[in-house]
Amino acid sequence: MQHPWIQKRCLHMTDLDTDRTDDVQRCLDALSALGLEARLPLELVQSSYETLRLEQFTVTLVRNGRHWDVTRVEPGDTTLCAYGAAVDLGSTTVVMRLMDFTSGSVLAEDTVRNGQRAYGDEILSRIFYTKDNPEHRKELQAVTVDTLNTLLDTVCGEAGVDPEQVCTMVIGGNTTMIHFLLGLDAFCIFHTPFRPVVTSPGLVSGPALGLHVRGPVYCFPATANYLGGDIISGLLATGLTQREETALFLDIGTNGEMVVGNNTYLIGGAGAAGPALEGGISRSGMRARAGAVDSITIRDGVLTCTTIEQEKPKGICGSGIVDLLAQMLLAGWMDRQGTLQPEKSSRIRRFEDQWAIAYADESESATGEALVFTQEDIRQFTETKAAAHTMVAVLLNTAGLTLDDIDRIYLAGAFGRHLDLESAITIGIYPDAPREKFRNVGNSSLDGACDLLCGRVTPEEADRVAKEIYYLEFAMQETFVEEMRAASFYPHTNLEQYPTVAAKLQQP
């Protein structure tokens with residue numbers, strides 16, 4: 001197996017009965033003859049010395065600077081049994097792909113709930129749980145490792161692969177997730193001066209972390225506390241850093257993370273957008289799972305919705321909320337300030353002393369109760385969409401760019417994949433750019449991990465990109481508050497920024 005930083009080599013030993021050279025040196029000499037200057041750690045010698053005396057055995061090596069470290073010794077020729085795991089370590093879900101190094105193919109992929117959620121759905125809850133408490137940090141690290149091990153065993157089982165044959169793991173995750181994985185105090189990420197313990201952990205030992213990987217684990221580097229390795233991985237996956245065209249990379253969810261640039265410069269930033277896109281602001285809000293309303297249309301005064309897995313409505317997820325607001329704006333059920341217009345539809349009614357839109361009546365919902373989105377819910381969502389718009393505006397302003405200067409807009413993450421583009425533009429989450437400029441890249445963090453795992457990009461390139469990004473503190477920019485205020489209308493105070501939406505609003 002040939003790889004920029006991992007190799008498996010089958011060694012054939014001769015003169016076993018007469019050569020007095022020690023077993024370790026014979027192994028190192030054989031590797032040197034192949035042009036690989038290697039080191040064999042004592043702990044591996046202690047567990048593998050009998051295998052080193054065989055006529056044929058296979059070693060797994062990981063590049064460490066100018067040298068190679070032997071990480072595993074196996075009897076016989078196992079060079080065709082070489083596998084790696086690529087991971088997107090998200091705060092809500094964790095996704096893993098099992099890759100075959102020999103063919104470069106994906107053998108299996110699966111997703112599990114991040115076990116950290118038992119300590120709070122919000123990352124901040126987990127940070128405070130571990131603050132100044134080493135035992136709690138160990139506890140959260142163990143839960144993180146257990147989540148990864150469970151997922152690794154699952155994908156290996158699906159592919160019929162022995163987990164022992166997994167050589168390495170590559171992980172893309174935000175800065176906090178990587179701190180939890182490494183057992184580090186993440187409070188520094190949240191608290192001034194917002195300086196992480198480490199931004200570039202590089203290669204760490206899988207067994208030392210407690211992972212079922214008999215080799216190294218690579219964690220993508222971060223640029224700053226809120227611009228993590230998952231974004232660096234995503235940038236590499238899109239090829240943005242290799243091209244002359246100017247592109248905008250957007251990953252908008254609970255947090256908004258974005259980068260603009262090309263192969264000559266990169267400017268990035270991140271900030272809180274709020275829980276709205278996860279359905280976390282409404283009593284009937286929910287994550288995207290069976291029964292969640294995920295799309296809504298209003299035609300001729302009639303509201304129609306669809307749900308995930310076609311079950312009766314149980315609540316509404318982020319994509320459903322975006323559709324609901326966009327459709328109400330275009331139908332005149334909601335004005336540009338986000339105020340519901342009760343005279344426009346019988347679905348707009350009083351609910352606990354405020355106006356609300358019933359997107360599913362009692363007879364339509366799975367709960368037997370009306371599912372509503374209230375005026376207060378709209379107000380909270382307005383803050384989310386205004387924050388998303390403002391971060392993009394400030395980023396472009398800082399770079400001295402206009403929307404016309406952007407050749408490509410990459411939409412990353414779960415929300416970028418599921419949101420209806422027209423609805424997101426209609427309410428002002430995304431800029432009103434020509435639609436051909438948009439590219440939905442889905443889980444680019446996972447794709448980037450696969451690229452690095454298979455040698456299409458290198459750790460050195462990831463480190464370079466992470467260090468080259470000029471990081472913006474959005475809230476510290478002079479125009480931030482002014483931009484937020486202007487973006488608190490639907491789609492924006494200045495309709496000239498949204499010409500296609502303005503045209504729709506003028507239609508009878």
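**Aromatic pairs, sheets and cores in a predicted model**

Good morning. I begin with Phe 190, which counts as partly exposed at 30% relative accessibility. Please bear in mind throughout that the model is predicted.

Phe 190 belongs to an aromatic cluster whose other members are Phe 128 and Phe 187. Phe 128 is also partly exposed, and its relative accessible area is 43%. How are the rings of Phe 128 and Phe 190 arranged? Their centres are 5.6 Å apart and their planes stand at 70°, so the pair is edge-to-face, the class for angles over 60 degrees. Phe 128 lies in helix H3 and Phe 190 in helix H6, residues 187-190, so this pair ties together parts that are 62 residues apart in sequence. The cluster also has a charged neighbour: Lys 131 lies over the face of Phe 187, 4.8 Å from the ring centre.

In the model as a whole, the count comes to 6 aromatic pairs. One of them joins Tyr 119 and Tyr 129, with 5.0 Å from centre to centre and 50° between the planes, and this pair is tilted. Tyr 129 is in helix H3, while Tyr 119 is in the loop between strand E7 (106-113) and helix H3 (123-130), so the contact ties together parts 10 residues apart in sequence. Tyr 129 is partly exposed, at 26% relative accessibility. Elsewhere, the charged end of Arg 350 sits over the ring of Trp 355, at 5.0 Å from its centre.

I turn now to the sheets. An open sheet of 3 strands has the order E15-E14-E16, with mixed pairing. Which strands stand at its edges? They are E15 (302-307) and E16 (315-316); each has a single partner strand, so one side of each is left without a neighbour in the sheet. Strand E14, residues 292-299, runs parallel to E16 and is joined to it by 2 bridges. Val 293 has Ile 316 in E16 as its bridge partner. Helix H9, residues 318-331, packs on this sheet and touches E14, E15 and E16; the direction of the helix makes about 15° with that of E14.

A second strand arrangement centres on E20, residues 408-412. Is this strand buried or exposed? Of its 5 residues, 5 are buried, so E20 is largely enclosed by the rest of the structure. Arg 408, Tyr 410 and Ala 412 cover one side, with Ile 409 and Leu 411 on the other. E20 pairs in the parallel sense with strand E11 (residues 247-252) over 4 bridges, and likewise in the parallel sense with strand E21 (residues 438-442) over 4 bridges. Leu 411 appears in both pairings: it is the bridge partner of Leu 250, and its own partner in E21 is Asn 440.

Finally, the cores. The largest nonpolar core has 55 residues, of which Leu 250, Leu 324, Leu 325, Met 328, Tyr 359 and Tyr 430 touch the most other members. Helix H10, residues 375-399, supplies the largest share, 9 residues. Leaving aside residues up to four places away in sequence, Leu 324 touches Ile 296, Leu 303, Ile 316, Ile 357, Tyr 359 and Phe 373. Another core, of 37 residues, lies apart from this one, and its members include Ala 224, Leu 235, Ala 247 and Val 465.

One last residue, for contrast, is Gln 507, in the segment after helix H16 (499-506). Gln 507 is exposed, with a relative accessible area of 53%. Thank you.

Key: Residues numbered from 1 in each chain as written. Predicted model: local features only at pLDDT ≥ 70, side-chain atom pairs only at ≥ 80, totals over all residues. Heavy atoms only, no water. Phe/Tyr/Trp six-rings, centres within 6.5 Å; stacked < 30°, edge-to-face > 60°. Buried < 20%, exposed > 50% of the residue type's maximum accessible area, 1.4 Å probe, protein only. Lys NZ or Arg CZ within 6 Å of the ring centre and 35° of its normal. Pairing = 2+ DSSP bridges. Contact = heavy atoms within 4.5 Å. Axes fitted to C-alpha atoms, helices over the stretch in contact; angles between N-to-C directions. Core = buried A, V, L, I, M, F, W, Y, C linked by side-chain atoms within 4.5 Å.
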